[in-house]
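Please open the model in your viewer and set it to show a cartoon with side chains available on demand. The tour below moves from one selection to the next and says what is there at each stop.

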Amino acid sequence: MIDVSDGLAADCTHIAEASGLQIALETIPVAEGATEADGLFGGDDYVLVACGGRGDGWTRIGWCVEGEGVTLRGERLDPKGWEHAL
């Protein structure tokens, strides 16, 4: 589990690299007025993404599969995200 403060694409990349699996995203939930790109690359300190079985209160957005990196509907995503100031 990780917060998506650096953006969903970047933080799913951290999970994929640590697990040795690919994160295959199917859908990106976004707030009204937001774009899918906002959901993928924008940060939010109040949302978590986790890998695991089904559970009440969780929204499935994809799967962990063999491979590497992060894909959205089969297309590889750039793991860009929030750039922290040095």
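What follows is a walk through a predicted model, starting with the sheet and then moving to single residues.

**Stop one: the sheet**

Begin by colouring the strands, and look for an open sheet of four strands, whose order is 4-2-5-6 and whose pairing is mixed. Strand 4 (62-65) and strand 6 (75-76) stand at the edges, and because each has a single partner strand, one side of each is left without a neighbour in the sheet.

Now select strand 2, residues 22-25, which pairs with strand 4 in the antiparallel sense over four bridges. Within this pairing, Ile23 has Cys64 of strand 4 as its bridge partner, while Leu25 has Gly62 of strand 4. Turn next to the pairing of strand 2 with strand 5, where the two strands run parallel and are joined by three bridges; here Leu25 stands opposite Leu72 in strand 5.

With strand 2 still selected, show its side chains and ask which residues lie on each of its two faces. Gln22 and Ala24 are on one side, Ile23 and Leu25 are on the other, and all of these are buried, so that both faces of the strand are covered.

**Stop two: the helix across the sheet**

Add helix 1, residues 8-19, to the selection, and rotate the view until you see that this helix lies across strand 2 and strand 5 (70-72). Relative to strand 2, helix 1 runs at about 145 degrees.

**Stop three: Ile61 and Glu26**

Select Ile61, which sits in the loop between strand 3 and strand 4. Is Ile61 buried or exposed? With a relative accessible area of 15%, Ile61 is buried, because that value falls under the 20% limit. Leaving aside residues up to four places away in sequence, Ile61 touches Leu8, Ala24, Leu25, Glu26, Thr27, Pro29 and Val49. One of these, Leu25, is 36 residues from Ile61 in sequence, yet their C-alpha atoms are 5.7 Å apart in space.

From Ile61, move to its contact Glu26, which lies in the loop between strand 2 and helix 2. Glu26 is partly exposed, with a relative accessible area of 41%. Apart from residues up to four places away in sequence, Glu26 is in contact with Ile61, Gly62, Trp63, Leu72 and Arg73. For a distance to check in the viewer, take the C-alpha atoms of Glu26 and Val49, which are 14 Å apart, with the two positions 23 residues apart in sequence numbering.

**Stop four: the salt bridge**

Select Arg73 next, in the loop between strand 5 and strand 6. Which residue forms a salt bridge with Arg73? The partner is Glu36, and the closest N and O atoms of the pair are 2.9 Å apart. This pair links distant parts of the chain, since Glu36 belongs to helix 2 (residues 36-41) and Arg73 to the loop already selected, 37 residues apart. Side chains of opposite charge can pair when their charged atoms come close. The structure holds one salt bridge, and its acidic member, Glu36, is partly exposed, with a relative accessible area of 33%.

Before leaving Arg73, look at its backbone, where phi is positive at about 50 degrees although the residue is not a glycine. Most residues other than glycine have a negative phi.

**Stop five: Ile2, Leu48 and a surface patch**

Go now to Ile2, in strand 1 (residues 2-4), which is partly exposed at a relative accessible area of 22%. Beyond residues up to four places away in sequence, Ile2 touches Asp11, His14, Ile15, Val47, Leu48 and Val49. The C-alpha atoms of Ile2 and His14 are separated by 8.8 Å, and the two residues are twelve apart along the chain.

Among the contacts of Ile2 is Leu48, so named in strand 3 (residues 44-49). Leu48 is partly exposed, with a relative accessible area of 48%, and touches Met1, Ile2 and Asp3 when residues up to four places away in sequence are not counted. Between Leu48 and Leu8, 40 residues apart along the chain, the C-alpha separation is 9.2 Å.

To finish, switch on the surface and select Met1, Leu48 and Trp58, which form a nonpolar patch there with about 390 Å² of accessible area together.

Definitions and conventions:
Residues are numbered from 1 along each chain as its sequence is written. This is a predicted model: local features need pLDDT of at least 70, side-chain atom pairs count only at pLDDT 80 or more; totals for chains, interfaces and linings use all residues. Side-chain values use heavy atoms; hydrogens and water are left out. Buried means under 20% relative accessible area, exposed over 50%, partly exposed in between (1.4 Å probe, protein chains only). Contact means heavy atoms within 4.5 Å. Two strands pair if DSSP finds at least two bridges between them. Axes are lines fitted to C-alpha atoms, for helices over the stretch in contact, and angles run from 0 to 180 degrees between N-to-C directions. Patches are made of residues with over 30% relative accessible area and no salt bridge: like charges are joined within 9 Å, nonpolar side chains (Val, Leu, Ile, Met, Phe, Trp, Tyr) within 5 Å. Accessible areas come from the Shrake-Rupley method with a 1.4 Å probe; for residues, only the protein chains shown count as cover. A salt bridge is a side-chain nitrogen of Lys or Arg within 4 Å of a carboxyl oxygen of Asp or Glu.
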